2 protein chains.
Amino acid sequence: MTEQNAIGVVGGLGPYAGSDLVTKIFDETRATSDQEHLPVALISFPAHVPDRSAYIADQSAPNPVLPLVEILRRLEQAGCSVAGMPCNTAHSPIIFEDILERLGRLGGSIHLLNMIEATAASVAEYAPDAKRIGIIATTATIECGLYADALGAVGLGAVNPDSNYQDDIVNPVIFDSEWGLKAMSNPPSAEARRRLLDAVEHLRDRGADAVILGCTELPLAVPENRIRDMPIIDSTRSLARALIRASHPERLRRR
Amino acid sequence: MTEQNAIGVVGGLGPYAGSDLVTKIFDETRATSDQEHLPVALISFPAHVPDRSAYIADQSAPNPVLPLVEILRRLEQAGCSVAGMPCNTAHSPIIFEDILERLGRLGGSIHLLNMIEATAASVAEYAPDAKRIGIIATTATIECGLYADALGAVGLGAVNPDSNYQDDIVNPVIFDSEWGLKAMSNPPSAEARRRLLDAVEHLRDRGADAVILGCTELPLAVPENRIRDMPIIDSTRSLARALIRASHPERLRRR
């Protein structure tokens, strides 16, 4: 078996986001038998990867970069040529650039796609008329301007929640220790879903004409691709399609 | 990172059964943060693994054993100590015994659990009063008597569908090229679900007091754990619990 062009998934960030990305790679592949599906490998070792938000807030906290690089190397050994990391927060430059630099120094050949750029590029596919894109994400992702920069690079504007709304309403959807999505993903809590639907309206009021779910836990609670006519763009699905396009473009399902 | 006790999943048989097993391992783990979830690796290389039913029916057809052994070795390299193969048909002795023998000869340390035995053992947990257990599975699984043997070993009886019913109604649920679960898993077709609900009643009429979904595609169409008071035992979930019990017993969620 000489598989060298498999798709790698850096899981564990959180665990359900990893299995969700794997499933969406299958969903977005044109296949009518087992054998026509694409080669995929997942490594989900969450205990080895410290919290990304905590490290961004305070760099004396445990650093997730080295274990992420090690996981990418194991994916490469398993036969992967491309990889995705279904965690928006892990794409903040202090983590993501460091991963790329260390991978380069180690001479690996695996190509780690940028989920934020893949999602920004997918707006043209999912919401071709949209100009101002609302962002629902962790406070860490919002504050480092990840989506604002990536959307700006493709000529689009970002609309963030009001900062109190972000801290009091959105961030707990992910991190609340009782009903947040990291604590309770399958099924997600009614409270998490209620707040997300409210956040879509909050962003609509602020002028958004499409919304990116910019944290991979969020589609677990809001799987719809439209809410009251607002296009909802799932960053995990955008990454799934980018991984197929980068490795097996002929097998990408048409939209 | 010195992970050596991860749970390996041999995916691709079919692809959705692999991601379903990964998700069920997470579901069956006691955890309230990313970091508390267990280490899991999945390798899903379906193009490398020929059809199991075809090989069982005719051993001049392509043999899936060598690629399955190679996948298990890659899982071991990635840090796995135990592994599961979410494909009931691949547990027929002509495949499964050959895998175990070749793994042993290669001196690997990864422990491949037997999904059929794990599922038979789980009847005591899910349906403690049941004595006669209906089986819904591929014709290949039924004909080699996999579940009849494993249930017999724990003092239970197996109830198979009538053989015409098996060939005409059940087997196409998995293999029909238009609406079968291998062709159309997410979401599954209404026809697949309708036939499975009918098969539960067929087995009830034949005396079953619980039913094993003995093909890993089936829970995708019938996720319920009871149908009209009949306990439905999902072999994928039974395997998920057995993998946790074998590697991290203290983290197994209570039933």
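**Close-up views of a predicted two-chain model**

**View 1. Cysteines C215(B) and C87(B).** C215(B) counts as buried, at 6% relative accessibility. The model is predicted. C87(B) is buried too, with a relative accessible area of 5%. Are these cysteines bonded or unbonded? A disulfide is a covalent bond between the sulfur atoms of two cysteines. The cut-off used here is a pair of cysteine sulfur atoms within 2.5 Å. By this rule, the count over all chains is zero disulfides. C87(B) is in no disulfide, as the nearest cysteine sulfur, that of C215(B), is 7.0 Å away. The view from C215(B) agrees: the nearest cysteine sulfur is that of C87(B), again 7.0 Å away, and C215(B) is in no disulfide.

**View 2. Helix α7 of chain B, residues 146-153.** Which residues of this helix are buried? They are L146(B), Y147(B), A150(B) and L151(B). Their arc around the axis is only 110 degrees, so they lie on the same side of α7(B). An α-helix has 3.6 residues a turn, so residues three or four places apart point the same way. D149(B) and A153(B) are on the other side of α7(B), and both are exposed. Just after the helix comes G155(B), with a positive phi of about 80 degrees.

**View 3. P161(A) in the loop between β6 and α8 of chain A.** The loop that holds P161(A) runs between β6 (157-159) and α8 (163-175). Is P161(A) buried or exposed? P161(A) has a relative accessible area of 9% and is buried. Which residues does P161(A) contact, leaving aside neighbours within four places in sequence? The contacts are I135(A), I142(A), Q166(A), V170(A), H202(A), L203(A) and R206(A). H37(A) serves as a distant reference point: from P161(A) to H37(A) is 124 residues in sequence and 39 Å in space, C-alpha to C-alpha.

**View 4. The axis relating chain A and chain B.** Two copies of a chain are related by a rotation about an axis and a shift along it. Here the turn is 180 degrees and the shift along the axis is 0.0 Å. This operation lays chain B on chain A with an RMSD of 0.0 Å. The relation is that of a two-fold axis. Which C-alpha of chain B is nearest the axis? That of L42(B) is, at 2.5 Å. Both copies use the same surface: 100% of the contact residues of chain B recur in chain A.

Methods:
Residues numbered from 1 in each chain as written. Chains lettered and ligands numbered in written order. Predicted model: local features only at pLDDT ≥ 70, side-chain atom pairs only at ≥ 80, totals over all residues. Heavy atoms only, no water. Buried < 20%, exposed > 50% of the residue type's maximum accessible area, 1.4 Å probe, protein only. Helix = DSSP H or I, 4+ residues; strand = E, 2+ residues; numbered from the N terminus. Arc of directions from axis to C-beta. Contact = heavy atoms within 4.5 Å. Least-squares fit on C-alpha atoms with pLDDT ≥ 70 in both.
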